[in-house]
Structures are given as C-alpha cells and as structure tokens.
Amino acid sequence: PKRDDRIVLEDEKNEEWETIYLANKTGLSGGWRGFSLDHGLVDGDALVFELVQPLRFKVILFKF
C-alpha cells in the first residue's frame, strides 16, 4: 500500500494476525510482534509473503 493500512497475515495453518503496515518505513507494526512470538522467529529464519488478496498475505516460514 502507498499509505499506512491494516493488513492480515495468514500462516500455513490458516491462523490470522492483523498488523499495521507503515508505508513510510516500509515495515510492519502493531501485531507483528505477536506473529513473531507465536511462531518463535529468530535471526536466520526466512519468510515468504504471498499476496493472496488486497491487504492479505499468506506467510510461509523457513526455520534454519
């Protein structure tokens, strides 16, 4: 999105997390921490974000 907006992240189990996309910083906030903690993300993990609908991403995790 070209402006801040709410987006949904969906994992491989079809569970959802609402996050806030920050356009100026090209990053995620508000909800990203919960997604990260719930999936035990650590440095070195890789994620693929697939746009499946406007403002909805399927996230595929690769843990190394």
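Buried means under 20% relative accessible area, exposed means over 50%, and partly exposed lies in between, using a 1.4 Å probe and protein chains only. With those words in hand, select Asn14, which is partly exposed at a relative accessible area of 48%.

Before moving on, please note that this is a predicted model, in which local features need pLDDT of at least 70 and side-chain atom pairs count only at pLDDT 80 or more, while totals for chains, interfaces and linings use all residues. Residues are numbered from 1 along each chain as its sequence is written, and side-chain values use heavy atoms, leaving out hydrogens and water.

**Stop 1: the first hairpin**

Stay on Asn14, found in the loop between β1 and β2. Strand names here follow DSSP runs (E, at least two residues; helices are H or I, at least four), numbered from the N terminus. Most residues other than glycine have a negative phi. Asn14 has a positive phi of about 65°, although it is not a glycine.

Now show both neighbouring strands: β1 and β2 form a hairpin with five residues between them. They run antiparallel and are joined by six bridges; strands count as paired if DSSP finds at least two bridges between them. To see one of these pairings, pick Arg6, whose bridge partner in β2 is Ile20.

Colour β1 by burial next. Five of its six residues are buried, so β1 is largely enclosed by the rest of the structure.

**Stop 2: inside β2**

Select Thr19 in strand β2. Is Thr19 buried or exposed? Thr19 is buried, with a relative accessible area of 0%. Show its contacts (heavy atoms within 4.5 Å): leaving aside residues up to four places away in sequence, Thr19 touches several residues, including Asp5, Ile7, Leu9, Leu28 and Trp32.

**Stop 3: β1 meets β5**

Turn to the partnership of β1 and β5, which pair in the parallel sense over three bridges. Glu10 has Lys58 as its bridge partner in β5.

Keep Glu10 selected and show side chains. Side chains of opposite charge can pair when their charged atoms come close. A salt bridge here is a side-chain nitrogen of Lys or Arg within 4 Å of a carboxyl oxygen of Asp or Glu, and the count comes to six.

Which residue meets Glu10 in a salt bridge of 3.0 Å, N to O? That is Arg56. Glu10 lies in strand β1 (residues 5–10) and Arg56 in strand β5 (residues 56–62), so the pair ties together parts that are 46 residues apart in sequence. Both Glu10 and Arg56 are buried.

Lys58 also forms a salt bridge with Glu10, at 3.3 Å from N to O. Because Lys58 lies in β5 and Glu10 in β1, this pair ties together parts that are 48 residues apart in sequence. Lys58 is buried, as is Glu10. Add Glu16 to the selection to complete the view: Glu10, Glu16, Arg56 and Lys58 are linked in a network of salt bridges.

For another salt bridge, go to Arg3 and Asp5, whose closest N and O atoms are 3.2 Å apart. Arg3 is exposed, with a relative accessible area of 55%.

**Stop 4: the nonpolar core**

A nonpolar core is a set of buried Ala, Val, Leu, Ile, Met, Phe, Trp, Tyr and Cys residues joined through side-chain atoms within 4.5 Å. Select Ile7, Leu9, Trp17, Tyr21, Ala23, Phe35, Leu41, Phe57, Val59 and Leu61: these ten residues make up the largest nonpolar core. The elements giving two or more residues to this core are β1, β2 (16–22) and β5. Which element gives the most? β5 does, with three residues.

**Stop 5: β4 and the surface**

Pick Leu47 in strand β4, which is partly exposed at 27% relative accessibility. Not counting residues up to four places away in sequence, Leu47 touches Trp32, Phe35, Leu41, Val59, Ile60 and Leu61.

Then choose Val48, also in β4 (residues 46–53), and partly exposed at 40% relative accessibility. Val48, Phe62 and Phe64 form a nonpolar patch on the surface, with about 350 Å² of accessible area together. Patches are made of residues with over 30% relative accessible area and no salt bridge, joining like charges within 9 Å and nonpolar side chains (Val, Leu, Ile, Met, Phe, Trp, Tyr) within 5 Å; accessible areas come from the Shrake-Rupley method with a 1.4 Å probe, and for residues only the protein chains shown count as cover.

**Last stop: Leu55**

Finish at Leu55, in the loop between β4 and β5. Leu55 has a positive phi of about 65° although it is not a glycine, and counts as partly exposed at 32% relative accessibility.
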